[in-house]
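Let's take a walk through this structure together. Have a look at the sequence and the fold first, and then we'll go from place to place.

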Amino acid sequence: MANAADKWEDNSAGKWYVDKQCILCSVCATVAPDNFRESAAGDHDIVYKQPSSDAEIAQCEDAKAQCPVEAIGNDAA
């Protein structure tokens, strides 16, 4: 389970985040490309835009479910 206290600082501010368990598999960026991408550092994925529609929220939920190391968090959940 993702830990908000351990989230990457370069996530977009908001409820959704990627924490430091991330292994840069990029499943999240594939499943929800409008919200996740590789960080500028190139060593982890980040939430670069918080979801703003029901479709984006659904994609983020799917990305969270598919994350192999449970590095995606949602403070609202």
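A good spot to start is Cys-25, which sits in the loop between E1 and H1. Keep in mind as we go that this is a predicted model. Is Cys-25 buried or exposed? Neither, quite: its relative accessibility is 37%, so Cys-25 counts as partly exposed, since that label covers values from the 20% limit for buried up to the 50% limit for exposed. Leaving out residues up to four places away in sequence, Cys-25 touches Asp-45 and Pro-68. You can also look across to Asp-43: it is 18 residues from Cys-25 in sequence, and the two C-alpha atoms are 9.8 Å apart in space.

Stay in that loop for a moment, because Ser-26 is found in the loop between E1 and H1 as well, and at 21% relative accessibility it counts as partly exposed. What is the phi of Ser-26? It is positive, about 65 degrees, although Ser-26 is not a glycine. Glu-70 also has a positive phi without being a glycine, in this case about 55 degrees. You'll find Glu-70 in the loop between H2 and E4, and with a relative accessible area of 46% it is partly exposed.

Now for the inside. In soluble globular proteins, nonpolar side chains tend to be buried together. Here, the largest nonpolar core has 15 residues, and those with the most contacts inside it are Val-18, Phe-36, Ala-63 and Ile-72. Which elements supply at least two residues each? They are strand E1 (16–18), helix H1 (27–31) and helix H2 (54–66). H1 gives the most to this core, with three residues. To see how this plays out around one ring, pick Phe-36: not counting residues up to four places away in sequence, its contacts include Val-18, Cys-28, Ile-46, Tyr-48, Cys-60, Ala-63 and Ile-72.

Next, hop over to strand E4 (residues 72–74), where you'll find Asn-74. Its relative accessible area is 12%, so Asn-74 is buried. Setting aside neighbours within four places in sequence, Asn-74 is in contact with Lys-15, Trp-16, Tyr-17, Glu-61 and Lys-64.

Finally, a word on the rings. How many aromatic pairs does a search of the whole structure find? The count is zero. Trp-8 does have a residue over its face, though: Lys-20 lies there, at 5.2 Å from the ring centre.

Key: Residues numbered from 1 in each chain as written. Predicted model: local features only at pLDDT ≥ 70, side-chain atom pairs only at ≥ 80, totals over all residues. Heavy atoms only, no water. Phe/Tyr/Trp six-rings, centres within 6.5 Å; stacked < 30°, edge-to-face > 60°. Lys NZ or Arg CZ within 6 Å of the ring centre and 35° of its normal. Core = buried A, V, L, I, M, F, W, Y, C linked by side-chain atoms within 4.5 Å. Buried < 20%, exposed > 50% of the residue type's maximum accessible area, 1.4 Å probe, protein only. Helix = DSSP H or I, 4+ residues; strand = E, 2+ residues; numbered from the N terminus. Contact = heavy atoms within 4.5 Å.
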